[in-house]
Amino acid sequence: NGSLAGLVAITAGADVTTPIEAIYIGGIAGIIVVLCVLFIDTRLKLDDPVGATSVHLVCGVWGTLATGIWGEYEGVSFVTQLKGVIVVGITCFVSAYIIISVLKAVLGLRVDPEEESRGLDIGEHGMEAYAGFQIFINQ
C-alpha cells in the first residue's frame, strides 16, 4: 500500500513537480497511508480490508494539496488546490448520498444477518474465497 499510495499521491502533480519533489510527495504518502489505515481500522472501526480509503482518498487529497505546495506552474497554489479538493469532495459526497439513498430505498443495502454471518462469498458465489481458512469473528 505504501508504494501504491506514493503513486496515487504523485499522479495529481506529475506534470508540475520535479523528480525530487515527486519522491518527497510519494514518500510522505507512504507514511500517511500507514497512519491512516491504523486510524480507520482502530479508531473509526470501519471495514476497509485493502486500505482503499487510505490509499486513494487520503493520499489522493495529500497529492493534490502537495501539488500546490511544490508545483511550479502558473495558477497552481495550495489555496487553489484546497478549493478544488473541497469542491470535488462536496460534489462526490452529495452525489454518493443521493445514489446510496435511492439504492437503499429501492433495493436495500444490507444482506440478511444469517448471510452476513456465513459470509458473502458463500451467499453470492456458493463457495469460500479462502477455503479451509477459519475466520474468528468478535474475538
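Start by colouring the predicted model by confidence. Helix α4, residues 78-106, is where confidence peaks, with a mean pLDDT of 96, while helix α6, residues 120-125, has the lowest mean, 76. Across the protein the average is 88, and 92% of the residues score at least 70. A word of caution while you look around: where pLDDT is low, the predicted coordinates should not be read in detail.

Now switch to a cartoon and zoom out. You should find six helices and zero strands, so to speak a plain α-α-α-α-α-α when you read along the sequence. The protein has a radius of gyration of 19 Å, well over the 14 Å that the globule rule gives for 139 residues, so it is more spread out than a compact globule. Rotate the C-alpha trace along its principal axes and the spans come to about 55 × 35 × 25 Å.

Turn on the surface next. The accessible area is about 10200 Å², and carbon and sulfur atoms account for 66% of it. Buried residues make up 23% of the 139 in the protein. As for contacts between residues at least 6 apart in sequence, 50% of them join residues at least 24 apart.

Hide the surface and select α1, residues 2-11. Which residues of α1 are buried? Pick A5, G6, V8, A9 and I10. Show their neighbours too: these buried residues pack against α2 and α3. If you wonder about the spacing of side chains on a helix, an α-helix has 3.6 residues a turn, so residues three or four places apart point the same way.

Move on to T17, in the loop between α1 and α2. Is T17 buried or exposed? T17 is buried, because its relative accessible area is 14%, below the 20% cut-off. Draw a distance from its side chain to the backbone oxygen of G13 and you get 2.9 Å. Leaving aside residues up to four places away in sequence, T17 touches I10, A22, I25, W70 and G71. That list includes I10, one of the buried residues of α1, and W70, which is your next selection.

Show W70 as sticks together with Y24 and W62; ring pairs link these residues into a cluster. The model has three aromatic pairs by the rule used here. Take Y24 and W70 to begin with: the ring centres are 6.1 Å apart and the planes sit at 40°, so this pair is tilted. The pair links distant parts of the chain, with Y24 in helix α2 (residues 19-43) and W70 in helix α3 (residues 52-70), 46 residues apart. Y24 counts as partly exposed because its relative accessibility is 43%, and W70, at 23%, is also partly exposed.

Then centre on W62 and W70. How are these rings arranged? This aromatic pair is edge-to-face, 6.3 Å centre to centre with 90° between the planes. W62 comes out as buried, because its relative accessibility is 16%.

For a last view, keep T17, Y24, W62 and W70 on screen. T17 touches W70, and W70 belongs to the ring cluster with Y24 and W62.

Key: Residues numbered from 1 in each chain as written. Predicted model: local features only at pLDDT ≥ 70, side-chain atom pairs only at ≥ 80, totals over all residues. Heavy atoms only, no water. Phe/Tyr/Trp six-rings, centres within 6.5 Å; stacked < 30°, edge-to-face > 60°. Helix = DSSP H or I, 4+ residues; strand = E, 2+ residues; numbered from the N terminus. Buried < 20%, exposed > 50% of the residue type's maximum accessible area, 1.4 Å probe, protein only. pLDDT = per-residue confidence, 0-100. Rg over C-alpha atoms; globule rule 2.2 N^0.38 Å. Contact = heavy atoms within 4.5 Å. Areas by Shrake-Rupley, 256 points an atom, 1.4 Å probe, with all protein chains shown as cover. Polar contact = N/O pair within 3.5 Å; in protein donor to acceptor, adjacent residues only side chain to side chain.
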